[in-house]
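The following exercises concern the packing of helices and the nonpolar core of one protein. Please attempt each task before reading its solution.

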Amino acid sequence: MEELIRYIVTSLVDHPEEISVKEIEGDEQTVLELRVSPKDVGKVIGKNGRIAKSLRAILTAACIKAGKNFSLEIID
């Protein structure tokens, strides 16, 4: 899942070298923390959070196929 998010976000941002995806395992759910350059945060979130919602929807679809539970947090 980490590679999937990294691949999608790389095409959205201007500074792909500053992308950081950290996987934090929990009891029931694994959290993916996404960090990007401060200049690129708006591009990852999008107007009214549309891009962030789309990223979460893609992640949910991939989770169902993998049989695991993930959530995405975008860290400013």
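**Exercise 1.** Determine the handedness with which α1 passes α3, and describe how the two helices are arranged in this predicted model.

*Solution.* Step 1. The crossing of α1 past α3 is right-handed.
Step 2. The two helices pack at an angle of about 150°, and their axes lie 11 Å apart.
Step 3. Angles over 145 degrees count as roughly antiparallel; α1 and α3 are therefore roughly antiparallel to each other.
Step 4. At the interface, Leu4, Ile5, Ile8 and Val9 of α1 meet Leu55, Ile58, Leu59 and Ala62 of α3.

**Exercise 2.** Identify which residues of the largest nonpolar core touch the most other members, and which elements give two or more residues to this core.

*Solution.* Step 1. The core holds 18 residues, and those touching the most other members are Ile5, Val9, Leu34, Val36 and Val44.
Step 2. Two or more residues each come from α1 (2-10), β2 (30-35), α2 (41-45), α3 (50-66) and β3 (70-75).
Step 3. The largest share, four residues, is given by α3.

**Exercise 3.** List the residues that Val36 touches, leaving out those up to four places away in sequence.

*Solution.* With those neighbours set aside, Val36 is in contact with Val9, Val13, Glu18, Ile19, Val41 and Val44.

**Exercise 4.** State where confidence is lowest and where it is highest.

*Solution.* Step 1. For the protein, the mean pLDDT is 93, with 100% of the residues at 70 or more.
Step 2. Confidence is lowest in α3, with a mean of 93, and highest in β2, at 95.

Key: Residues are numbered from 1 along each chain as its sequence is written. This is a predicted model: local features need pLDDT of at least 70, side-chain atom pairs count only at pLDDT 80 or more; totals for chains, interfaces and linings use all residues. Side-chain values use heavy atoms; hydrogens and water are left out. A nonpolar core is a set of buried Ala, Val, Leu, Ile, Met, Phe, Trp, Tyr and Cys residues joined through side-chain atoms within 4.5 Å. Buried means under 20% relative accessible area, exposed over 50%, partly exposed in between (1.4 Å probe, protein chains only). Contact means heavy atoms within 4.5 Å. pLDDT is the predictor's confidence in each residue, from 0 to 100. Axes are lines fitted to C-alpha atoms, for helices over the stretch in contact, and angles run from 0 to 180 degrees between N-to-C directions. Angles under 35 degrees count as roughly parallel, over 145 as roughly antiparallel, 65 to 115 as roughly perpendicular and the rest as oblique. A crossing is left-handed if the near helix is turned anticlockwise from the far one by less than a right angle, and right-handed if clockwise.
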